Structure formats: structure tokens, C-alpha cells
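The following paragraphs lead the reader through a structure, from its domains and the relation of its chains to details of the backbone. Please keep the sequence and the coordinates at hand while reading.

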Number of protein chains: 2
Amino acid sequence: MNDVQVVIMAGGQGSRFWPISRMEKPKQFLSISSSGESLIQATARRVASLSPRAPLVVTNVLHEKLAREHLPEASLLLEPLGKNTAASIGFAAVALRKQGIDPIMVVLPADHSVTDEGKLLESLQAGISLASKHEVMVTIGIKPTYPNTGYGYIKKGVPLGSDGFMVRRFFEKPNVERAIEYCKSPDFFWNSGMFVWRASVILEAIEEYMPQLYEQLLTIELALGTALEKSTIEKAFQEMESTSIDFGVLELARNCAVVPAFDFGWNDVGSWDAWAEHFKKDQKENLLHGDAVAIDSSGSVVYSTGKFIALVGVEDIVVIDSGDAVLICPRSRVQDVKKVVEHLKAEERTELI
Amino acid sequence: MNDVQVVIMAGGQGSRFWPISRMEKPKQFLSISSSGESLIQATARRVASLSPRAPLVVTNVLHEKLAREHLPEASLLLEPLGKNTAASIGFAAVALRKQGIDPIMVVLPADHSVTDEGKLLESLQAGISLASKHEVMVTIGIKPTYPNTGYGYIKKGVPLGSDGFMVRRFFEKPNVERAIEYCKSPDFFWNSGMFVWRASVILEAIEEYMPQLYEQLLTIELALGTALEKSTIEKAFQEMESTSIDFGVLELARNCAVVPAFDFGWNDVGSWDAWAEHFKKDQKENLLHGDAVAIDSSGSVVYSTGKFIALVGVEDIVVIDSGDAVLICPRSRVQDVKKVVEHLKAEERTELI
């Protein structure tokens with residue numbers, strides 16, 4: 001198994017988790033459980049048995065200190081600015097190639113949660129098995145449990161032994177009718193954002209489908225370990241397009257595979273709505289964390305860091321109190337929380353971002 | 001005009017204004033305007049020209065210090081516990097009789113606001129004129145502007161000269177169909193809770209319609225100025241029924257009159273909804289006070305005492321942040337805010353009440 005390299009993608013700003021998640025301490029460095037372990041620490045710990053190598057963490061240069069504190073054993077790749085997952089994954093792949101190795105990369109977002117760690121490992125092992133045998137890019141696919149319109153969906157194609165399937169097609173965030181249809185079908189999976197592929201395979205695909213990014217990555221690769229490393233990375237990232245690996249590569253490539261995940265209780269912790277599943281729930285489906293009461297209210301989420309919060313007569317509302325800011329938003333609108341961060345940026349209220 | 005005695009009813013706890021209004025400093029002692037003047041100070045100042053006498057303030061014994069600070073010139077009557085308006089008004093009336101006088105009482109709640117003070121005075125003068133000429137109990141009636149179902153309504157009867165009308169009937173909080181009907185009719189008025197009557201006239205009516213309260217008031221009257229004053233008042237208030245003057249007396253008596261108010265911009269400041277009319281309003285009818293932003297939101301009310309509050313995608317929501325507590329409630333449910341106070345009492349969370 002020393003052919004495996006865990007790569008943790010920790011570059012996000014977590015602006016959908018405002019006001020708790022801040023520029024200075026984004027979501028992946030927050031602890032979600034009573035154990036006090038942060039999301040990124042949990043991510044690394046769960047997959048530690050996959051490889052004797054230390055994990056490789058791609059994160060923003062702003063978060064270098066945090067990353068070192070949370071994962072002292074990890075190797076860090078520091079991005080001068082976030083340019084989405086294609087750039088981060090490509091950066092990791094050329095850094096590995098520069099070391100003269102071509103491991104199987106197990107790429108994991110830093111901000112997800114899992115309830116059954118054994119089944120997560122089984123699923124990733126199936127992905128590693130596929131990526132060892134074939135020159136494929138593997139996505140871990142989650143069986144949809146409800147018609148989420150915020151996720152990407154994957155339709156499976158022909159089987160690849162007992163471990164998985166070729167991908168027939170990727171589908172971007174569907175409308176609700178489509179999402180309902182996909183949920184009913186045994187052929188569709190959510191794209192978990194967990195990937196397995198050999199470094200050379202993803203680099204070849206980037207070269208084919210994102211040639212400009214590939215050029216920029218080559219410049220970085222050449223400069224790594226030299227006096228020009230920092231300035232070259234800065235310049236390259238300035239110029240890079242911001243594109244996801246899904247959109248830039250996977251949706252175009254024909255060598256994509258999917259491993260139907262064993263049911264490991266995946267939660268992408270992509271918004272307050274998802275995060276709240278970890279709070280205690282009352283009889284009326286209110287998820288309350290901290291000092292709060294819900295009177296004549298249902299389906300609502302409250303996160304308090306100290307103050308007493310009272311709901312009276314509300315339904316499906318999210319209330320998050322970080323101490324210096326309070327967010328109020330319907331559950332159906334949690335994806336738009338990032339608009340507050342945009343507003344604060346425009347107003348230059350850096351103390352609140 | 002030295003026959004007039006202003007009586008300010010300041011016994012309320014203002015629990016519908018939680019979390020800003022607290023046991024230790026209820027609504028009437030909060031300032032609403034940028035001038036810093038409290039509601040009770042504004043109430044006294046507006047009617048100061050009606051009488052050379054200092055106002056008589058009926059308030060809870062807990063608020064003696066606050067009342068003295070806010071209105072140093074006033075005479076205080078301290079209630080050991082709140083027993084609604086019949087008790088407070090009766091207490092004031094026997095205290096005046098004990099002084100050997102029988103003035104015309106102008107009874108005002110401490111917690112209302114008025115935009116045209118000149119017209120308020122004209123309306124009260126009309127009430128004083130009626131109460132001087134006739135043995136009537138006068139209510140200042142407000143022309144309804146929308147079908148509020150939380151107010152009492154008054155139907156006017158035969159005219160009493162040019163100043164007002166006899167009351168045909170009082171109507172308790174109507175359902176919405178009734179309220180719409182009342183609004184359309186020129187014969188209906190809101191009961192403002194501002195009253196004008198001679199002390200002897202209201203005492204006679206209390207004797208007739210609330211004989212038990214009258215007995216208790218007599219005991220108090222006898223004890224006033226003696227060593228037994230405090231203990232007698234305490235015992236009497238313990239035993240008193242909690243009844244409003246409207247329900248206990250006015251709805252039963254046949255000598256009630258109504259003065260249709262000149263349009264003085266009355267607001268009873270009875271809930272956050274009403275209070276919010278004093279905040280600045282954005283283009284989407286959001287009323288924001290303090291550091292707040294409303295994104296994709298409309299018709300909402302935010303009151304912040306310091307923290308930044310962000311609304312995303314909400315409609316007709318009230319958010320009040322007092323520093324140690326936050327309330328979230330639909331505008332249609334502001335009357336139920338007192339349920340939070342009841343909850344906190346049951347939980348013995350006195351620090352939040």
C-alpha cells in the first residue's frame with residue numbers, strides 16, 4: 001500500500017458557513033464533534049491506514065499555521081489564492097511527479113463527515129484497486145437518499161469487475177424533477193468529491209482537457225525546490241482559471257469510473273443545513289446547539305456560541321450566532337449565505353469576514 | 001385647569017419586548033428616539049401643559065428607583081405586584097380621594113408614542129371638557145387604519161355636543177372578518193387605553209361593577225399615610241383579581257363616552273412590530289436598527305445592540321438582539337414573545353428575564 005498518497009483538499013474559505021467560518025479559520029479547521037477534533041483532523045485520521053506516507057495537504061497560504069497545528073505530520077502545498085479543485089489537484093500531482101514518484105492519489109475534501117469509517121475504507125480500497133488495474137479516474141459515488149439539487153450526479157455505465165463501473169455520464173446540479181428521477185434510478189450516484197487516480201493519469205487528462213492549466217502546472221513543477229518556487233507559484237496561480245476538476249476534466253474524459261460507496265454515512269458538510277445534522281434534535285425536528293429554545297417552531301436550526309437564542313413560531317429557519325455576528329436564513333437558502341460574505345467584502349468589513 | 005390630574009400607568013413588565021425589555025428595566029423606561037428620552041418621560045412631557053400638578057405615576061415597587069430617575073417631579077404609587085389596570089386606576093383614584101380632592105384624571109399608559117403632540121392635547125382637552133360637564137368615563141378613540149385583531153374596538157352612540165359621543169358598545173379583540181367590517185364603518189374606534197374621568201366617577205363605577213376590588217381599595221385608602229400602609233397595600237394586592245378596567249368596568253357601565261381623537265399619530269408600541277415603525281426602512285420594507293444587512297429579504301425587522309446581523313432570503317421576520325439574547329419570530333407572532341419570558345420563568349433563568 002505504499003503506492004498510495006492521501007491528498008487532502010483544504011483550500012476552501014467556507015463562506016457558506018459564515019459567520020462561524022471565517023477567513024482566518026475556515027470550516028475545515030473547526031471542530032464539529034464533542035471530541036474537539038477538527039474536520040481536517042478527522043479526515044486525515046480516518047484514512048491513515050491506507051498508506052504509510054504522511055498526507056499531502058493543499059491549502060491556502062493564509063492557513064499554513066493552522067494546517068501545521070492541526071496536522072503536524074502532513075506535507076503542505078500552499079496556494080497563494082484559491083483557484084478551485086482542478087488547480088489544487090494538478091498542483092498536488094506535479095509536486096508528486098517532481099519527487100520522482102507516481103502514486104495512486106486518494107483525493108479527499110477536508111470538510112466532510114462520515115459515520116462508518118470501516119465502510120469508507122472499504123469504498124476507498126475498491127477505488128484504489130480500480131485505479132491500480134486500469135488507467136481510470138475514480139469517483140466515490142454516494143447512493144442518493146433524497147433529491148438534492150445542489151449536488152452533481154453520476155450515471156454508471158458498464159461494470160469494471162466487482163469494484164465499480166465506468167461512468168456513463170456526469171450530470172450537473174439538476175432541477176428538482178430530474179433530481180427526483182435520478183433518486184429513483186439504481187444507476188445514479190451523488191458525486192462525493194472523493195477521487196482516486198494515479199498521478200500520471202490525472203495529469204494526462206489535465207494535459208488533454210485543460211492544456212493551459214497544464215502549462216501553468218509545468219512551470220510550477222520546474223520551479224519547485226528552486227529559489228524561484230514562491231514567485232513562480234504566485235504568478236501561475238494569478239493567471240489560472242478557476243475551474244473544478246469535475247467541470248474541467250471529468251465531464252469530458254472517457255476514462256472515468258465510479259465506485260458505489262458502501263453506506264458509510266457521508267455528509268458533505270457543505271452548508272449549515274448539512275452541518276446541523278450533528279446537533280441534537282427536539283421532537284419538532286429542531287436542531288439546537290448551545291443555549292436555545294424553540295417555541296411553537298419546527299424544522300429549524302440554531303447554533304449559539306454563548307448567547308441565549310429564542311425562536312417563536314418559525315419554521316425551517318437557520319440561526320447562527322458566532323458571538324460578533326448573527327445569521328438568519330431559511331433552510332432552503334443556506335447556499336446563499338456566501339452572499340453575506342460578498343456583501344462584507346464589498347463593504348470592506350474585514351473584521352467580519 | 002388645576003382640576004386635572006395626569007395619571008401615568010407604568011406597571012407593565014413589557015414581556016412582549018423581550019429580550020430588550022427586562023424585569024429590571026421594562027419598556028416604558030427604554031428610550032425609543034434618538035433624543036434619548038424614555039417612553040415614560042415623553043408621555044409626561046407631552047401632557048405637562050394640561051395641569052400644574054405633578055403627574056401621578058403608578059408603577060411596580062421594583063421600578064421605584066427607575067421611576068424616580070426618569071420623572072423626579074412625579075408622585076409615585078408603588079404596586080407590590082401588577083394586577084392589571086382596574087387595580088392601578090382604582091389605587092390612583094383612592095389615593096387622590098385620600099388627599100381630599102376629586103380631580104379629573106387623565107389616565108395614560110406609559111408606553112405609547114404620538115407624532116402630533118398638539119392634536120393629542122386637543123383630543124385630551126375634549127375629553128376633559130366632557131368629563132367636566134357630564135358624569136362620564138371617556139375613552140380616547142382612534143380611527144382604525146387597518147383591521148388589527150389585537151385591539152379592542154368601541155362603537156359610538158349618540159353625540160355629546162361637539163366633543164364626542166356616548167359609547168354604544170365595547171367590542172373585545174375581533175376576528176379578522178369583524179375587524180375589516182369595523183374598519184370600514186365610521187362608527188368604530190380603537191380603544192387607545194387613554195382615559196379621562198373624574199376620580200369620584202370611576203370609583204363609583206368600580207363600586208358598582210367590581211365591588212370586591214372596591215372593598216380592597218377602601219382598605220388601602222384607610223391605611224394610606226399610616227404605619228400599616230405598606231403591609232395593607234401588599235395584602236390587598238395579593239388578594240386582588242387581575243382585571244382590566246375595560247373588561248371589569250367600561251364594558252358594563254352605561255355612562256361611557258368616546259372622544260374621536262384628532263389624528264395625532266398614535267402608536268401603542270405594544271409589540272416589536274409597532275416599535276419597529278420608528279426604525280429606518282429600506283426599499284424592501286425592512287426596518288433595520290443598528291448594524292445589519294437584509295439580503296434578498298423583505299418586510300423584516302432587525303434590532304441590534306452591537307453585533308452584525310445578516311438576513312438572507314427571509315420575509316416578515318423579527319430579529320432582536322439584546323447582547324445576551326436573540327429573539328427570532330415572524331411579524332405575525334410578535335404577540336407571543338411573552339411565551340419566551342414564561343419559558344424563562346419556568347426554567348428560573350432570572351438573568352434573562
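Domain bounds, as used here, come from an automatic or database domain assignment. The model itself is predicted. For chain A, the assignment gives domain 1, residues 4-260, and domain 2, residues 272-352. Between the C-alpha centres of domain 1 of chain A and domain 2 of chain A the distance is 28 Å. Their contact draws nine residues from domain 1 of chain A and 14 residues from domain 2 of chain A. On the side of domain 1 of chain A that touches domain 2 of chain A, five residues are nonpolar, three are polar and one is charged.

The next subject is the relation between the chains. A turn of 180 degrees, with a shift of 0.0 Å along the axis, lays chain B on chain A with an RMSD of 0.1 Å. That is the relation of a two-fold axis. Both copies use the same surface, as 100% of the contact residues of chain B recur in chain A.

Strands of both chains also meet in one sheet. This open sheet has seven strands with mixed pairing, in the order β12(A)-β14(A)-β16(B)-β15(B)-β13(B)-β11(B)-β10(B). At its edges stand β12 of chain A and β10 (280-281) of chain B; each has a single partner strand, so one side of each is left without a neighbour in the sheet. Within the sheet, strand β15 (residues 317-321) of chain B pairs with strand β16 (residues 325-330) of chain B in the antiparallel sense, over five bridges. In this pairing, B:V319 of β15 stands opposite B:I328 in β16(B). Helix α11 (residues 338-346) of chain B packs on the sheet, where it touches β12 and β14 (308-312) of chain A as well as β16 of chain B. The direction of α11 of chain B makes about 125 degrees with that of β12(A).

Which helix shows how a segment can be enclosed? In α1(B), six of the eight residues are buried, so this helix is largely enclosed by the rest of the structure. The buried residues are B:L39, B:I40, B:A42, B:T43, B:A44 and B:R46. Their cover includes β1, α2 (64-70), β4 (104-109) and α4 (117-133) of chain B.

The backbone geometry remains to be described. Most residues other than glycine have a negative phi, and most peptide bonds are trans. In chain A, a cis peptide bond joins A:W18 and A:P19, with omega about 5 degrees. A:P19 belongs to the loop between β1 (4-10) and α1 (39-46) of chain A. In chain B, a cis peptide bond joins B:W18 and B:P19, with omega about 10 degrees. The loop between β1 (4-10) and α1 (39-46) of chain B holds B:P19.

Positive phi values occur at A:N84 and A:D296, neither of which is a glycine. For A:N84, phi is about 70 degrees, and the residue is placed in helix α3 (residues 84-98) of chain A. A:N84 counts as partly exposed because it has 18 C-beta neighbours inside 10 Å. For A:D296, phi is near 50 degrees. A:D296 lies in the loop between β12 (292-295) and β13 (301-304) of chain A. With 14 other C-beta atoms within 10 Å, A:D296 is partly exposed.

Conventions: Residues are numbered from 1 along each chain as its sequence is written. Chains are lettered from A and ligands numbered from 1 in the order in which they are written. This is a predicted model: local features need pLDDT of at least 70, side-chain atom pairs count only at pLDDT 80 or more; totals for chains, interfaces and linings use all residues. Helices (H or I, at least four residues) and strands (E, at least two) are DSSP runs, numbered from the N terminus. A residue is buried if 20 or more other C-beta atoms lie within 10 Å of its own, exposed if 12 or fewer, and partly exposed in between; C-beta atoms are placed from the backbone. Two residues are in contact if their C-beta atoms, placed from the backbone, lie within 7 Å. Ala, Val, Leu, Ile, Met, Phe, Trp, Tyr, Cys and Pro count as nonpolar, Asp, Glu, Lys and Arg as charged, and the others, Gly among them, as polar. Copies are superposed by least squares on the C-alpha atoms of residues with pLDDT of at least 70 in both. Two strands pair if DSSP finds at least two bridges between them. Axes are lines fitted to C-alpha atoms, for helices over the stretch in contact, and angles run from 0 to 180 degrees between N-to-C directions.
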